[in-house]
Every structure is written in C-alpha cells, then in structure tokens.
Amino acid sequence: PAPPPLVVAPGGMHNRSTPRRLRRSYSTLAGAASYLQVGPARTCWAPSAWLMLPLLAIAHQTFVPSPTVRAHAPAALRAPVRSILVPATPAAAPLLTRGLQAMHVSVAAGALLAPAVADGFAAAAWGLFDSCAFTHDRMFEASLAVSCFVAFILFFESIHLVVDPRVYRLDGAAPKRPLRGFTTQWWKTVVPALTYLGSIYVYHELSLGQLLYGPPPADVLAHGPGVPTWGRVVTELSLGVFLYDALFYPFHLSFHKLRARRWRKMHARHHVWGSTEAAAHNAVETVQNSYLDAGVQVFINIFVQHLSPWGFKHPLSRALHNVMVVYLLCESHSGYDLPFMSHRLFPGLFGGPVAHEQHHQQGNVNFHQFFLWADRILGHTPTAEQNRKHREALAAVGAAQDSARQQQAAAEVVR
C-alpha cells in the first residue's frame, strides 16, 4: 500500500534558532516533496525529492551569503559573515557533490524499477511542451539555444557575487572583466546571437533541412511525433550529446594540428583570451568564434539532431539536447571548479572546465569539449610537467591579485 502523503507543519523540521531564510527554504522544498508524493508517482520520485532536503542545507551553507554581504558593507563585517556561510575551504562541497550523484542514481534506479511512472513523467513533460504554441515554430530551437546561452553565460559570470572566487575559480582570483558582454563589450553577445539566428532563418527559408535530410517519416507527418517514453528521451539525449562532442573532435583537432595556416586561423579567434590573458576564462568566451568555426559546430549539431535509433528524433529530446549542449559549452568555458559541475558529478567521464581551461592555456592538450575518452586513446592528455606548469600559471594569477589587494589595504591604512 502506498504511504499517506507527508504533511510538514510549519516549524516541524526546525526550531527558532534556524535561520529564517533556511526555514523558508525547508518549508518550500518540503511542500514540493509532499506534492511529488501525490498519486502513483510517490513510489518513485518522492525519495529523490526528500533527498534534496539535506542537499539544500549543504548548498545554503556553502554558497548563499548573508544579505549583509554587500560591496558597501564594511570589511570587518563582511569577512566573518562570508567565512561562516562561504568557508574558505568548504568541507560541504564534496558532500554536495556526493548528494547530487546520489540523486542521479536515485532517479535512474526509480526509472528502472518503475518504468510506467517514468514514462508518465515523460508524457506529462511532452504534454506541457506540446501545448505551447511557440514550441512548434520553426525558429524555436534556435531561439531556445540563444536564450540558454544568455542565461548560462549570465549565471556563470555573476556567480562570483555569491561564491568566493578565491576558492572556486581555477586561478584562485576574482574573474577578470566579468559581465562585460552585457555592458561595454555588448558585441560579444549580440553579434553571435544575431549571426546565429540569421543563419538559421536562411537555413529554413532555403529548406536546407529537407534537402539534406528529407522530410519526416510519413507516420510522423500524419499523426505527429507521439508521446515519448522515458527511455527514448534519455537515450536520444545521451546519444546526441555524445555524438556532438565526438563528431566535432576531429575538426577541433585539425584546427590545432593541420599545417594549413588559413584553416588553423579560423579557430584562432576562440583562443584570443587564452593567448593574451593568464586569468581563467569567462563564460562569454564560449561564443567568441569565427563564422566558419561556429558554423562547423552548428551543422554538426543539426546533423546530430536528425539521428535517432527510432528513426526520428523526438521534439522533446531535441529541445533538451539544445539545453544540455549549451550548458556544457558554457560550463567548460566558465573558469570555475564548482561541486555541481560535470567533471565532479561524473569524474573520469567529463573533463569539464578544468580540462578545457588547460586546453585554452596550453593549446596542445584536451581537445574534447565535454568528454575525455578520445584524448586518452590518442595520447592528447597532459603530462605531469604540463599539469605542473598549468597549476603554477593559474596560481600566479591568484597570488598577484592577493598581493594587489594587500597593497591596496596597506595604502588605505596609511591614508
């Protein structure tokens, strides 16, 4: 028999000594967990929802600063608050990673043990997706990709306002010129977005999709794509991300290894930051590419979106693919090493920003954008000496910033 829905009374999970913000967060998430227990889904998804409660406490204590932590607050007040809520060496960070890994395992196990529930979740997601008129527009996928780029770039370039960059930045220093792509260097975001949207518009106007890949199957044209299963969405999403990275790998390798100077020059723009700055990257550098370089990636992505073991990739899988690929691209160029990132959740499988930052700084290692397997097979992983030099170069950035900060503080004392 199914357990009765859990009801969390206000104040039932905490006492008055618990911070008010954390009490509100607990109550909100407890309500969400209780909501997920309504109906047949409780057998599968409720444990995952309740698992988020301790994760919320860990994340809150690790990342969320007090409202008093503001730029105008006195350093004497700011330092102790930040040291408590964002520790210099956050012991909670590995625990948060383990908790997120456990959530992935919990969801996967739930889907295997209760496939009908998982399929019902996929059907509900598809129903919501299909009910939105704008998802049927031919420019929806392109608009979704641009929106995700803006959101993820903004997220990674503003997260230093919440977390301590000396702990989580790869160079141990505050990011250099963050958010400039939304202000004084607006062309770094506007030009790639308009160029991409304009190119996709021409792609549709010329019907290049039907010329290259043909029309959708007859049953899809007659009856629509149908309701996807959970297994289909997960398979198409995983396969799409893997193939995108695998198919771009030889192109990326050729941009660095071929002796054709003009061909290599097409990729040089993407490495301007790494060749001129010692500091770790900002996420906006994700979209700093030549038209040919970006075009190769876009057409590989379009090609991958037409591949499926079912003969036709479901629209829901295609949308999730765009979100996932854009996130991983922005993550790998973020310059951070955060506990929820791909290389932390799936160590040995994803390289994340740690591997890709080293690629940008040294140029001759780690040619994967997401994964690690091809670099290991072909011998393009960094040597111990390369790792040492890379760590020293990044550490020098943080040391220089600390020295400048100390000199500034000394000058203020003298004044």
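**Close-up views of a helical protein chain**

**View 1. E385 and its partner in helix α19.** E385 is partly exposed, with a relative accessible area of 39%. The model shown here and in the other views is predicted. The side chain of E385 meets that of R388 in a salt bridge, with N and O 2.3 Å apart. Both residues belong to helix α19, which spans residues 384-414. They are 3 residues apart in this helix, so about one helical turn separates them. R388 is also partly exposed, because its relative accessible area of 33% falls between the 20% limit for buried and the 50% limit for exposed. Elsewhere, K176, R177 and E277 are joined into one network by salt bridges that share partners.

**View 2. The salt bridge between K188 and E285.** Here the side chains of K188 and E285 form a salt bridge, 2.9 Å from N to O. This pair links distant parts of the chain, the two residues being 97 apart. K188 lies in helix α8, whereas E285 lies in the loop between α13 (272-276) and α14 (291-304). Are K188 and E285 buried or exposed? Both K188 and E285 are buried.

**View 3. The salt bridge between D164 and R166.** D164 pairs with R166 in a salt bridge whose closest N and O atoms are 3.3 Å apart. The two partners differ in how much of them is accessible: D164 is buried at 7% relative accessible area, while R166 is partly exposed at 46%. In general, side chains of opposite charge can pair when their charged atoms come close. A search of the whole structure finds 10 salt bridges.

**View 4. A nonpolar patch on the surface.** The patch consists of W186, W187, V190, V191 and L194. Together these residues have about 500 Å² of accessible area. W186 sits in the loop between α7 (165-168) and α8 (187-205). Its relative accessibility is 45%, so W186 counts as partly exposed.

**View 5. The chain as a whole, for orientation.** The protein chain has 19 helices and 0 strands. It is 415 residues long, and 43% of these count as buried. About 21,800 Å² of the chain is exposed, with carbon and sulfur atoms supplying 67% of that area. Considering contacts between residues at least 6 apart in sequence, 70% join residues at least 24 apart.

Notes: Residues numbered from 1 in each chain as written. Predicted model: local features only at pLDDT ≥ 70, side-chain atom pairs only at ≥ 80, totals over all residues. Heavy atoms only, no water. Patch = residues over 30% accessible without salt bridge, like charges linked within 9 Å, V, L, I, M, F, W, Y side chains within 5 Å. Areas by Shrake-Rupley, 256 points an atom, 1.4 Å probe, with all protein chains shown as cover. Salt bridge = Lys/Arg side-chain N within 4 Å of Asp/Glu carboxyl O. Helix = DSSP H or I, 4+ residues; strand = E, 2+ residues; numbered from the N terminus. Buried < 20%, exposed > 50% of the residue type's maximum accessible area, 1.4 Å probe, protein only. Contact = heavy atoms within 4.5 Å.
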